[in-house]
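Reader: I have a model open and would like to go through its strands and a helix with you. Could we begin once it is on screen?

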Amino acid sequence: MKKLIQTLFALVMVAMTLSSCEDVPAPFDTSFHENPSDTVTTVDPVGEGTLASPYNVAKSLAIIKAGTFTSDNVYIKGVITKIDNIDTSFGNAVYYLGDTGTDKSTLEVYRGKYFNGDKFTTGKEIAVGDTVVVYGTLTLFNSTPEVAAGSQIVTINGKSSGSNPGGSNVEPAGEGTQASPYNVAKAQSIIAAGTYTDNDVYVVGTIVGTPQIDTGTYGNATYYISDDGTEAGKLMVYRGYSFNGDKFTAADQLKAGDKVVILGKIVNYQNNTPEVTMGSKIISLNGKTEGGSTPPVTPPASGITVDGTTVTAVNKDVTAGTTTLTIDLNTLGWANATDPTVVTLSDGSTITFEQNTNPTNSPKFYDATKGVRLYANNSIKFACKSTIAKIIFTCDAYNGTNYVGNDTQTISFDGANATYVNTYATSSGGVQLRVQTITITYAQ
C-alpha cells in the first residue's frame, strides 16, 4: 500500500510540473531558429559617397562585394555597433558600423582617426550607438570589408569639430586645374588623406581675416582662405606672392572677402598644418587677372563649347531652325537626392538620364543644385521628333566652380537622336555637369 501511494504521488507531481511548463514561451521555434518575433531590418543601399550624400553601410558593402572598392576617399555614414579598441598611444580606433545599430552585416573601420585626422587621446571620444560620418577608402582585406586605415571622422551625431576637411557643410569639388580649381574642401580632403603630390595645383577660396603682408624685403603674404569666407575649414596660404610670383608692394593689395585663385603646392607641414606652401602665386583676384581680364578657359572638345555656366552642343552637319523646346528640371516635382525619371517634352520628345559606364553613381536630382547632377561618364539620351541642331544646358555654379562637365565631355548626333556623355578617364572624380535647364533647337 505504501509503495502504491508513493507511485501515485510521483505521477501527480510529474503532471503538475508538465502543466506549469506549458505557459513558458520557448526562446527558439521548433526549427531551432531565433524567436520569429526578432526580425532583421533590410536597408536599401543609398548615397553617393559625398559629404552631402554619404554612402550608407549597405551601399558601402555592395561596392566592396562588387569588387570596385574606392581609390579615392569617400564619405560613409553609419551607427557604431561595436568598438574593438581605441588606442591612445597610436591614436587610432577599430570599430564597426551598421545602418540600424542592430545589423548582422557590418563594416569595419580599421585604425581610423578622430576629427581632422587627429589622434584619439581619451578613449571616450566615440561610443556604441553614435551615428558617425567617416571619410576614407573602401576595401576588402582578406575577407573583411573595411574602411582602410587612415580614415577620419567628419561628424558624430550630426556635430562636427568645426574644421572638417573643407569645412562643415561644403562638398569637395574641382580637379586642381585652372579651368576647374580645387575648392578649399577638396584641398583639405587631399591633404588629410595624404595623397597630395609635389605638383602645383589651382585652389579657389575667399580670404578670411586680415592678411599679413610683408611689403619690405620679402614681399610675400600669409593669409587664410575658406569656401564661404568663414573660419570653418580655412586653409593657410603661407608666404605666397602676387600675380606672376611678383612681390606685394602695398598692405591693401589683399583683404578679407577677396576671392582668389592661387597656384601652388598643398602640403601638411610637419603633419599638423595643412597649407598652400611657400612660393604660391595669385592667378586671379575677384575674377580678374593682373591685366584686368578673365582667366582663359579651354573649351571642351567634340562640338561642345562652354561660356560661364552655359554648355552648348552643336550638330555641325545641319542648320538650326527657329523651333525650340526648353525644360526646367527644377519644376518636375522630383524628390531630393533621387534618380530622375524620363522627361517627356510637349511634342512627345524624351530625355533620359543614365548611369552609363559609371559603376557606382547614377545621375541624381538635388534641390540645392535645382537640377540634375551627372557624374563621371553618366549620360543623357535625347529621342526627339525632329532632327536636332543644337542642345544648350544651363548649369549650376557653387563656391567659384562652374559645374559644366569635364573638358573631355562628348556629344554625338544621329538625326533626331543625340547622346551626351560627361566623359572622364576614370569612374570617379572630374567635374560634374549640374544641369538646370535644357533647350533643344531643331534643324531647318
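Reader: Which strand pairs with strand 10 in the parallel sense over two bridges?
Author: Strand 13 (residues 273-276) does so. Two strands count as paired if DSSP finds at least two bridges between them; strands (E, at least two residues) and helices (H or I, at least four) are DSSP runs, numbered from the N terminus. Within this pair, Val237 is opposite Val276 of strand 13.

Reader: What is the provenance?
Author: This is a predicted model, in which local features need pLDDT of at least 70 and side-chain atom pairs count only at pLDDT 80 or more, while totals for chains, interfaces and linings use all residues. Residues are numbered from 1 along each chain as its sequence is written, and side-chain values use heavy atoms, with hydrogens and water left out.

Reader: How does strand 10 run relative to strand 14, parallel or antiparallel?
Author: Parallel, with two bridges joining strand 10 to strand 14 (residues 281-285). Phe243 is opposite Ile282 of strand 14.

Reader: And strand 9, in which sense does it pair with strand 10?
Author: Strand 9 (residues 221-226) pairs with strand 10 (residues 235-243) in the antiparallel sense, over four bridges. There, Ala221 has Gly240 in strand 10 as its bridge partner.

Reader: Turning to helix 3, how many of its residues are buried?
Author: Seven of the 10 residues in helix 3 (184-193) are buried, that is, under 20% relative accessible area with a 1.4 Å probe, protein chains only (exposed is over 50%, partly exposed in between). Among them are Val184, Ile190 and Ile191.

Reader: What follows helix 3?
Author: Gly194 comes just after helix 3 and takes a positive phi of about 75 degrees.
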